[in-house]
Structure formats: C-alpha cells, structure tokens
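The following paragraphs lead through the model in stages, from individual side-chain pairs to the interior and the pocket. Please keep the sequence and the coordinates at hand while reading.

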Amino acid sequence: MNLIEVRDYTEMSQKAAEYIIEKVRRIPNIKLGLATGGTPIGTYQNLIEDHQKNKTSYQNVLTFNLDEYVGLSGDNQNSYRYFMNDKLFNHIDIDKNNTFIPCGNVEDIEAECQRYEELIHHHGGVDLQVLGIGSNGHIGFNEPGTSFTSKTHVVNLTASTIEANARFFNSKEEVPTKAITMGISSIMKSKEILLLISGEKKREAMQKLLHAEVTESFPASILRNHPSVTIIADQAALAKS
Ligand code: F6R
C-alpha cells in the first residue's frame with residue numbers, strides 16, 4: 001500500500017482529485033468506482049472546479065457506485081443516487097446513462113444485487129475504485145464479519161453506521177436499516193484502489209489498517225492483499241492516539 005500523507009481534508013481532497021483527473025485525462029473511457037459519505041465531497045468539488053476551468057471531460061467515463069440504501073428511490077434527497085447527482089454528476093459533462101448505482105427501491109432486491117454485480121463484470125470491471133472507510137473498518141457497507149468472498153449483497157446496517165450516517169437525515173429513525181453494497185470480492189476485483197482517510201474519528205481505523213492482521217472482523221484489512229492501493233490520509237487520521 002502506498003501512503004500519501006497530507007496536512008488536512010482540503011489537501012486530501014486536492015490530491016485525490018489530481019490523482020483522478022490525471023487518470024481520466026490519460027484514459028478517457030476509464031471506469032471509476034465511486035463512494036458517497038463526507039470524505040469524498042471535497043474531492044468531487046475539486047473535480048467540478050477542474051472541469052469548469054480546464055475542461056477535463058467525462059463524456060466517455062463510466063462510474064459504478066459502491067452502495068445504495070434499500071427503500072429509497074433515486075429522487076429521495078437521502079439516496080446515494082441523489083447525492084451523486086447533486087455532488088458531482090450534475091456539474092460535469094458525464095452522460096447519466098453511464099453512471100451506475102444499485103437501485104434501492106426494486107421489488108426483488110436479491111435480483112438487483114446479481115444484476116449489479118453482472119453489470120460491472122459486463123463492462124470489464126472497475127479501473128480505479130475510490131473508497132472511504134468507516135471507523136469500524138467497513139468499506140462500502142461491508143460491516144465487520146462480512147465474508148471476504150462476498151459479492152454485491154444486501155446488508156443490515158450496524159447501530160454504529162446508522163449513528164454515523166444520521167447526520168445526513170432529520171433523525172436517526174429515518175436512516176434506512178438496510179443497504180445494497182458491492183461485496184468485498186467485488187471491491188477487490190478493481191484494478192486499482194484510492195482510499196481516502198481524514199479526521200481524528202478515523203485514527204483507530206487508520207492504525208488497524210496499517211498494522212493489524214488481515215481479518216474479516218476489520219473489513220478494510222483485506223486491502224493489504226490488493227496489489228495496487230494508494231491511501232491519501234491527513235495528519236488528524238495519522239496521529240497516534
Ligand atoms: C460510502 C461508503 C462508506 C463510506 C464510509 C465513510 O459509499 O461506502 O463505506 O465511505 O462510511 O463515510 P464518511 O466518509 O462519511 O466518513
């Protein structure tokens with residue numbers, strides 16, 4: 001794992017955007033795996049600013065998001081589809097038909113999981129997957145205990161994840177209790193991974209990621225077995241508690 005140390009969230013967001021922009025310019029039909037949550041918002045802002053200033057084009061880029069809440073339609077303001085449109089897709093020249101996110105409000109959720117996994121495969125897999133990390137080590141919505149062989153599947157969100165995500169909702173009660181997520185094996189199939197870590201709340205996760213054993217009880221630890229991982233982490237996350 002290649003670790004890039006940065007000062008703070010602002011610098012992490014700039015560095016991550018530079019990293020992605022360089023790839024998009026070199027490989028115009030790149031397939032990007034994208035994440036939601038607080039961590040990548042600044043990166044997306046930088047991508048938008050660069051698109052406006054330097055005209056980096058996303059016309060031929062395909063994107064695959066990691067996850068979506070079960071039960072929310074794409075026009076619900078708390079859905080990850082809405083988040084991605086609002087924070088990125090509406091502001092760059094990407095074709096929305098090329099932006100893929102699991103569908104959270106279908107009748108047959110299991111069939112949706114299979115469809116999504118096959119869709120990624122059909123398009124030849126993700127070239128560069130952007131990831132955040134939960135303070136309990138989750139990646140995507142793969143909570144501790146998730147099998148390393150998991151493909152796209154339905155998960156019950158843990159109390160700590162519901163608590164952490166409640167900040168985006170009016171109340172904790174409104175946070176859905178289930179989500180569809182790419183599995184650990186789906187994530188590990190991407191050719192390259194860019195993991196972003198910022199803030200003191202991620203300190204313990206950062207230390208475990210760097211030093212603890214590879215174990216399903218800390219899902220992100222599997223990344224140590226991936227051949228091409230770049231971590232951009234800020235000082236607050238890297239500080240030893
Ligand atoms: C989001 C996702 C999650 C987040 C993680 C960190 O699509 O898959 O794994 O990356 O929960 O969230 P933030 O960035 O809000 O701390």
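In which kind of interaction do the side chains of arginine 115 and glutamate 112 meet? They form a salt bridge, with a distance of 2.8 Å from N to O. The model that shows this pair is a predicted one. Both residues belong to helix α4, where arginine 115 and glutamate 112 are three residues apart, about one turn of the helix. Their surroundings can be stated for each residue separately: arginine 115 is partly exposed, with a relative accessible area of 39%, while glutamate 112 has a relative accessibility of 6% and therefore counts as buried.

The structure holds nine salt bridges. One of them joins glutamate 22 to arginine 26, whose closest N and O atoms are 2.7 Å apart. Here again one helix carries both partners: glutamate 22 and arginine 26 lie in α1 (residues 9-26), four residues apart, which is about one turn of the helix. Glutamate 22 is partly exposed, its relative accessible area being 39%.

A further salt bridge, between lysine 191 and aspartate 127, has its closest N and O atoms 3.3 Å apart. This pair links distant parts of the chain, since 64 residues separate the partners; lysine 191 sits in the loop between α6 and β9, and aspartate 127 in the loop between α4 and β6 (128-131). Lysine 191, at 46% relative accessibility, counts as partly exposed, whereas aspartate 127 is buried, with a relative accessible area of 18%. In addition, Arg7, Glu11 and Lys15 are joined into one network by salt bridges that share partners.

The account now turns to the nonpolar interior. The largest nonpolar core contains 31 residues, and the members that touch the most others are Phe64, Leu131, Ile139, Leu195, Ile197, Leu223 and Ile231. At least two residues of this core come from each of several elements, including the strands β3 (62-65), β9 (192-197) and β10 (229-234), as well as the helices α4 (109-122), α6 (184-188), α7 (203-211) and α8 (235-238). Leucine 223 may serve as an example: beyond its neighbours within four places in sequence, this residue is in contact with Met1, Leu131, Ile139, Met188, Ile193, Leu195 and Val229. Apart from the largest core lies another, of 28 residues, with Ile21, Ile48, Phe83 and Ile94 among them.

Two threonines deserve attention next. Threonine 43 is located in helix α2 (residues 41-54). Is this side of the chain buried or exposed at threonine 43? Threonine 43 is buried, since its relative accessible area is 1% and the limit for that class is under 20%. Once residues up to four places away in sequence are set aside, threonine 43 touches Ser13, Ala16, Ala17, Ile20 and Leu196. Threonine 36 is found in the loop between β2 (31-34) and α2. At 12% relative accessibility, threonine 36 counts as buried, and its contacts outside the neighbours within four places in sequence are Asn65, Asp67, Tyr80, Phe83 and Met84.

Lysine 55 lies in the loop between α2 and β3. What is notable about its backbone is a positive phi of about 65 degrees, although lysine 55 is not a glycine. Most residues other than glycine have a negative phi. Lysine 55 is exposed, with a relative accessible area of 62%.

The last subject is the largest pocket, which has a volume of about 630 Å³. Its lining comprises 30 residues, of which Ile133, Gly134, Asn165, Arg167 and Lys202 are the closest to the centre. By class, the lining divides into ten nonpolar, 15 polar and five charged residues. Helix α5 (residues 159-165) gives the most to this lining, with four residues.

Asparagine 165, one of the residues closest to the pocket centre, has its place in helix α5. At 11% relative accessibility, asparagine 165 counts as buried. Leaving out residues up to four places away in sequence, asparagine 165 touches Tyr69, Tyr80, Phe141 and Val175. Its C-alpha atom is separated by 9.8 Å from that of proline 176, the two residues being eleven apart along the chain.

How values were computed. Residues numbered from 1 in each chain as written. Predicted model: local features only at pLDDT ≥ 70, side-chain atom pairs only at ≥ 80, totals over all residues. Heavy atoms only, no water. Core = buried A, V, L, I, M, F, W, Y, C linked by side-chain atoms within 4.5 Å. Buried < 20%, exposed > 50% of the residue type's maximum accessible area, 1.4 Å probe, protein only. Contact = heavy atoms within 4.5 Å. 1 Å grid on protein atoms, 1.4 Å probe; cavity = no way out; pocket = protein on both sides within 12 Å on 5 of 7 lines; lining within 4 Å. Points joined across faces, edges and corners; volume = space filled by probe spheres on them. Nonpolar A, V, L, I, M, F, W, Y, C, P; charged D, E, K, R; others polar. Salt bridge = Lys/Arg side-chain N within 4 Å of Asp/Glu carboxyl O.
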